[in-house]
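Biologist: Please give me a close account of one part of this model, and follow it outward to the residues around it. I should be grateful if each term were explained as it arises.

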Amino acid sequence: MVVYLISPIARTLALIFISLPSLINTSQLDYDTLVFSQCDSSDTNILQKVTTKDPSYSNPNLLLRAQALYSFLSKLESESSRAKFFNTLVGNEQHAVSGWFQCREDYPSEICHRCVRELRDISSRLCGNATSARVHLRGCHMVYEIEHVDTPTSQANHHNYKLLETPERGLIHKICDGATAETLVGFEEMRTVALTAAETGVVDGHGFYEESYKLLHVVAQCDGHVEACDCGECVSAAAAAAAEECPWSTASQIYLEGCYVGYTYNPHEYPGDSYHEEGGKTSTGKSLAIVVGGVAALVFVAIFFLFLKSLRRKGDGTFNLLLFFYLSLSII
């Protein structure tokens with residue numbers, strides 16, 4: 001009887017232990033924080049008006065454009081459950097939307113899907129029916145352009161991916177941390193070596209690189225349509241921009257057309273001990289230990305009471321002895 005009761009609990013406990021690391025890691029990822037957005041002039045409420053069939057909105061061209069954008073965003077969200085990069089063209093001969101989404105390569109597929117879903121909501125709220133837009137979250141980003149495809153030329157050019165007319169490898173956005181590194185001995189050399197390693201590492205990593213060098217943690221990623229050689233050159237340009245735009249920043253993020261590079265200085269980092277910006281290994285390990293210990297204690301108590309219950313049904317006098325023993329331990 002006791003074995004029969006314990007067996008399903010043991011199976012449940014095993015499933016919990018297997019899934020705990022994944023649950024803890026994904027819960028600590030900061031994927032949906034807005035980094036920046038770029039939108040052209042637009043009616044930020046048009047998507048809401050179209051989806052709710054607002055009678056005050058009767059411009060047929062804008063309605064068709066909004067419907068194409070709505071279909072495009074829905075397509076991206078759907079594909080994000082299967083891929084971390086996807087580009088497409090959605091629409092008809094009069095109104096179409098071309099663009100793509102990209103997720104951080106090291107994030108799980110479930111997080112990618114959540115991020116793109118959040119990206120869709122944020123871009124609709126911030127950019128509305130913009131003819132072109134770029135929205136970056138911590139875990140993913142999206143670029144799109146509304147275009148006409150009724151001519152062979154426009155159909156042939158919709159894969160050029162220069163949707164916002166940004167110069168090749170031009171600086172799109174930068175974030176320089178306010179802390180100064182002028183007093184840190186060897187900081188420039190350390191950053192140069194770390195970013196140089198990213199230039200080659202991103203090629204070997206098929207468009208993604210994450211590593212720590214001494215006290216610097218570096219992340220680099222190229223958009224999915226960028227070829228390997230171009231990816232290395234783009235990261236090299238981003239590294240040069242980081243040194244020029246954020247010369248004494250202990251942390252920076254550089255966004256170019258086609259790639260991203262970011263570094264963080266961590267005085268408590270140990271060489272070779274890679275970590276994510278969203279949470280260190282130490283905190284993850286402590287969280288895992290606390291949760292596993294709590295679950296194990298609850299399961300043990302449940303098994304103990306089931307065991308007592310089975311003895312009580314049998315009328316065994318051992319029940320009173322075990323209950324007395326349990327209460328004595330609780331008091332102690």
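Modeller: I begin with the lining of the largest cavity, to which β3 (96-103), β4 (132-137), β5 (140-147), β8 (216-222), β9 (251-256) and β10 (259-265) each contribute at least two residues. The model is predicted, so local features need pLDDT of at least 70 and side-chain atom pairs count only at pLDDT 80 or more, whereas totals for chains, interfaces and linings use all residues. Residues are numbered from 1 along each chain as its sequence is written, and side-chain values use heavy atoms, with hydrogens and water left out.

Helices (H or I, at least four residues) and strands (E, at least two) are DSSP runs numbered from the N terminus; the chain has nine helices and ten strands. A search of the whole structure finds one cavity of 30 Å³ or more, a cavity being a set of points on a 1 Å grid over the protein atoms alone where a 1.4 Å probe fits but cannot get out. The largest cavity holds about 270 Å³ of space, the volume being that filled by probe spheres set on points joined across faces, edges and corners. It is lined by 21 residues, and Arg 104, His 136, His 141, Tyr 255 and Tyr 260 are the closest to its centre; a lining residue has an atom within 4 Å of a point.

Two of these five lining residues lead to other parts of the chain. Arg 104 is one of the residues that Lys 84 touches. Lys 84 itself sits in the loop between α3 (60-79) and β2 (85-91). Lys 84 counts as buried because its relative accessible area is 19%, and buried means under 20%, exposed over 50% and partly exposed in between (1.4 Å probe, protein chains only). Beyond four places in sequence, Lys 84 is in contact (heavy atoms within 4.5 Å) with Phe 101, Gln 102, Cys 103, Glu 105, Tyr 107, Pro 108, Ser 109 and Cys 112 as well as Arg 104. A polar atom of the Lys 84 side chain lies 2.5 Å from the backbone oxygen of Tyr 107. Lys 84 and Tyr 107 are 23 residues apart in sequence, and their C-alpha atoms are 9.0 Å apart in space.

His 141 leads to Val 135, with which it is in contact. Val 135 lies in strand β4, one of the strands that supply the cavity lining. Val 135 is buried because its relative accessibility is 0%. Outside the four nearest places in sequence on each side, the contacts of Val 135 include Leu 34, Phe 36, Ser 37, Leu 119, Ile 122, Cys 127 and Cys 140. Val 135 and Cys 39 are 96 residues apart along the chain, yet 8.3 Å separates their C-alpha atoms.

Ser 123 is another contact of Val 135 and belongs to helix α4 (residues 109-127). It too is buried, because its relative accessibility is 3%. Apart from neighbours within four places in sequence, Ser 123 also contacts Leu 73, Gly 128 and Met 142; Met 142 is in contact with Val 135 as well.

The chain as a whole gives these contacts their setting. Of its contacts with a separation of 6 or more, 67% join residues 24 or more positions apart, and buried residues make up 40% of the 332 residues.

A contrast is offered by His 206, in the loop between α6 (187-204) and β7 (208-213). His 206 counts as exposed because its relative accessible area is 78%, and it has a positive phi of about 55° although it is not a glycine.

Key: A polar contact is a pair of N or O atoms within 3.5 Å; within protein, one must be able to donate a hydrogen and the other to accept it, and residues adjacent in sequence count only if both atoms are side-chain atoms. On a 1 Å grid over the protein atoms alone, a cavity is a set of points where a 1.4 Å probe fits but cannot get out, and a pocket is an open set with protein on both sides within 12 Å along at least five of seven lines; lining residues have an atom within 4 Å of a point.
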